[in-house]
Amino acid sequence: MTVIAAPRTTSSLTRGLLPVLVTGAVLALVPLRYGESRVMMGIAVAGVLFAAYAIAFNIIFGSTGQLFLCVGALAGIGGYTSVILSDQFGLPMLVTIGAGTALAGLFGASFSWIAVRRSLDTIFVGIVTLAFSLAFEQFILGQRDFTGGETGLRVGTGGDTFLREQVPPYYLFVGLLVVYLIIYLLLHRSHLGWAFRALRDDEEAAELAGVNVTRYRIYAGVIGSAMIGLAGALFAHVEGFIGPSTYSFGSVDIRVLVILAFGGIGTLLGPIVGAATFTVLDELLAGLTQLRVVIYGALIVAIFLGFKRGAIATVASWWRRE
């Protein structure tokens, strides 16, 4: 029986990896069309970055129901930690990126631990993490000597590498995105994924089934938060400048929530569909100034009325009917 099961598992994993590889291949073609434009490549990098944020957030919220409304703050922890340690203390960039990633993961573990110990439900976890997000923004504004306050920081480290070139940073983030998708897929198909889904669906039933609630919530918090911190740290060195608005709640968290909700919470490719849709939408509405916000809001309402469960689930249900 063992001999029969192994190929079946391998075949299932191969089928699961196929959409990931196709996504990576399609995204790799973008510079062929827009590689000559620095503006368009900057937009493309931002789109892939937010898809990466959404995948990491999907591990935390979509898998275990922990509403971390501090994605921007976690990314900022990774970004500011890496920039300060590398520019002001002279540490190697790879070391500082690792430090920022680890610190973001530590904060994520702390939020999960507090949520379990205090028996906080989804809404109260959201309130606690939102308060942290707002406090982080005030901390950045207040510590001018280290963070530059409202004027931000020029990032020196990485300026003489491929990170500041026009196309290579895009491929760096596409590679990161593919890795994140593979991590999500492997987690979903492992015993961790089973425990995560059990916690999300019914925490009490999961605990009765032998799932260690504290441990697995912390696992999700650590993994997702570290991924957010890593993406935020890499973006800081690619962008060359960071400020309060780079990682603010309004700039990051709201966008990530919209991307994931539209694409499909708890789905593999939902973050990709959501990020691609709203990146294109933002670009189409860029020249409308005052009307942009009104049209953007109306379109979001219309989209969510038509795709209540997310685009992936809605299209899949249409396909099954046919």
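## A nonpolar patch on the surface

Let's start on the outside: about 400 Å² of accessible area is shared by L288, L291, V294, I295 and L299, which together make up a nonpolar surface patch. One of these, V294, sits in helix α14, spanning residues 290-306. V294 counts as exposed because its relative accessibility is 56%, and the cut-off for that label is over 50%.

## How far to trust the model

Keep in mind that this is a predicted model. The average pLDDT for the protein is 90, and 94% of the residues reach at least 70. Residues 1-8 are another story: their pLDDT is below 50, and the stretch makes zero contacts in the model beyond near neighbours in sequence.

Going element by element, helix α4 (residues 71-88) comes out with the highest mean pLDDT, at 98, while helix α15 (residues 311-321) has the lowest, at 72.

## Helix α12

Helix α12 runs over residues 249-263, so to speak a 15-residue piece, and covers 20 Å between its first and last C-alpha, close to the expected 21 Å. Plenty of α12 is tucked away: the buried residues include F249, V252, D253, R255 and V256, and further along V258, I259, L260, F262 and G263 are buried too. Just past the end of α12 comes G264, with a positive phi of about 130 degrees.

## T101 in helix α5

Helix α5 takes in residues 93-117, T101 among them. T101 is classed as buried because its relative accessibility is 15%, and buried means under 20%. Leaving aside residues up to four places away in sequence, T101 touches A226, G229 and L230.

How values were computed: Residues numbered from 1 in each chain as written. Predicted model: local features only at pLDDT ≥ 70, side-chain atom pairs only at ≥ 80, totals over all residues. Heavy atoms only, no water. Patch = residues over 30% accessible without salt bridge, like charges linked within 9 Å, V, L, I, M, F, W, Y side chains within 5 Å. Areas by Shrake-Rupley, 256 points an atom, 1.4 Å probe, with all protein chains shown as cover. Salt bridge = Lys/Arg side-chain N within 4 Å of Asp/Glu carboxyl O. Helix = DSSP H or I, 4+ residues; strand = E, 2+ residues; numbered from the N terminus. Buried < 20%, exposed > 50% of the residue type's maximum accessible area, 1.4 Å probe, protein only. Expected span 1.5 Å × (residues − 1). pLDDT = per-residue confidence, 0-100. Contact = heavy atoms within 4.5 Å.
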